[in-house]
Amino acid sequence: MLTRLRLSRFRCYGSLDWEIPAEGAVLVGGNAQGKTSLLEAICLALTLHSPRATRLDRLARHGEDSFGISLEAHDATRRLVWARGQRLSLRLDGADCADYAAFLSDSPPVTWLGNSDIMLVRGAAEERRKYLNFLGTQWHPGYRSALQAYNKALKSRNALLRHPRRNPAALRSYAEVLAQHGSVLMALRERLLQLLLPHISHNHRRISGGTEPVGLAYLPSARENLLDAINAATEADERAGCTTVGPHRDDFLLEIDRAAAAEYASEGQQRTLATAMQMAQSDLLQAETGLAPILLIDDIFGELDTARRQALLALLPESSQVFITTTSADWVKSAPLPLRRVEGHCIAGE
């Protein structure tokens, strides 16, 4: 259970010291008041991932060159400090952490739901890869290490492909590293999607009230031996200046009633499916880790009709600490939410 959040120069906050309610909280207020930033800080401290930014410097308060986050729980205190030009500082219970794995050890799983989730269904493949990576790195210890090693080799090979004097032996060497870690990543992704489908189907039925079957199919960019596929694409890669085959080009197909959801589902159906996918993360992580997930729900209830809203609220695990942001308090008044309601600009921040 999370008990205290302290921020320094993070997003809109100069400083913040928030004693987190044990039951969770509904954060109510207008736009640009720091509600989502609180959820983002919690997510970053527990997963080292921001759902809104790909670069850490974008998280610092405007004009600042550093930020800090301290998140206390009943069993651990995590502190991270970012400063421009320096390595990210990570401390767990006052001790320096040598790597991400040490910092994230025994961290509770996290599920994020937001307005942009609909892009999981109708957006580009990159959105679905982000979904797999966010879930996969929390689900299996080998996923993060394979992903990090693969991305490091991918960056190096792409740089070599753009070099005017490419070294064929070096390209083959990087291809072997990509294939080694990429094959692990592909196998884990295929297994992860297999585990997810029953949870997605269950949640989709609960939220939609319908009986349409949901389908999920992994679409790897290379169906044959990955090393052979990368080597076969070398000439195309040299022309493109980047690696064109591998898990960084993977996708998966979503179907409702045996039709591609991106093409044939209505916006309401797409949004319902995306919400079911995010709640499936929570179900799977709890089943696989035995830990109650932290649910971070960013202003999605205004996009749902009353029936779907009530169905989603009924799906929230009783054992989870839940944090919800909303700009409208109208639906909160009639909802059976055992959460603390918090209002005000940037909570207690400066």
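**Close-up 1. The hairpin of S6 and S7 has two residues between its strands.** In this predicted model, Asp93 sits in that turn and takes a positive phi of about 50°. The pairing of S6 with S7 (residues 95-96) is antiparallel and runs over two bridges. Look for Leu92 facing its bridge partner in S7, Ala95.

**Close-up 2. S6 also makes a hairpin with S5, this one with five residues in between.** The turn holds Gly85, whose phi is positive at about 85°. Four bridges tie S5 (residues 77-83) to S6, again in the antiparallel sense. Leu80 is the residue standing opposite Leu90 of S6.

**Close-up 3. Side chains alternate along S6 (residues 89-92).** Strands tend to follow a simple rule: in a regular one, the side chains switch between the two faces of the sheet. Here Leu90 and Leu92 point to one face and are buried. Ser89 and Arg91 point to the other face and aren't buried.

**Close-up 4. S9, S10 and S11 line up, in that order, as an open sheet of three strands.** The pairing is antiparallel. S9 (214-219) and S11 (259-260) are the edge strands, each pairing on one side only. S10 and S11 are joined by two bridges, and Ile256 stands opposite Ala259 of S11. Helix H6 (residues 168-208) lies across S9 and S10, and runs at about 170° to S9.

**Close-up 5. Helices H4 and H5 pack against each other at about 125°.** Their axes are 5 Å apart. H4 spans residues 125-139 and H5 spans residues 141-161. The angle falls outside the parallel, antiparallel and perpendicular ranges, so H4 counts as oblique to H5. On the H4 side, the contact is made by Leu132, Asn133, Gly136, Thr137 and Trp139. H5 brings Pro141, Tyr143, Arg144 and Leu147 to it.

**Close-up 6. Helix H10 covers residues 267-289.** From first C-alpha to last, its 23 residues reach 33 Å, close to the 33 Å you'd expect at 1.5 Å a residue. Just past the end of H10 comes Gly290, with a positive phi of about 75°.

**Close-up 7. Confidence is lowest in H12 and highest in S10 among the elements of the protein.** H12 (residues 330-334) has a mean pLDDT of 67, while S10 (residues 251-256) gets 98. For the protein, the mean is 92, and 96% of the residues reach 70 or more.

Definitions and conventions
Residues are numbered from 1 along each chain as its sequence is written. This is a predicted model: local features need pLDDT of at least 70, side-chain atom pairs count only at pLDDT 80 or more; totals for chains, interfaces and linings use all residues. Side-chain values use heavy atoms; hydrogens and water are left out. The expected span of a helix is 1.5 Å times one less than its number of residues. Buried means under 20% relative accessible area, exposed over 50%, partly exposed in between (1.4 Å probe, protein chains only). Two strands pair if DSSP finds at least two bridges between them. pLDDT is the predictor's confidence in each residue, from 0 to 100. Axes are lines fitted to C-alpha atoms, for helices over the stretch in contact, and angles run from 0 to 180 degrees between N-to-C directions. Angles under 35 degrees count as roughly parallel, over 145 as roughly antiparallel, 65 to 115 as roughly perpendicular and the rest as oblique. Contact means heavy atoms within 4.5 Å.
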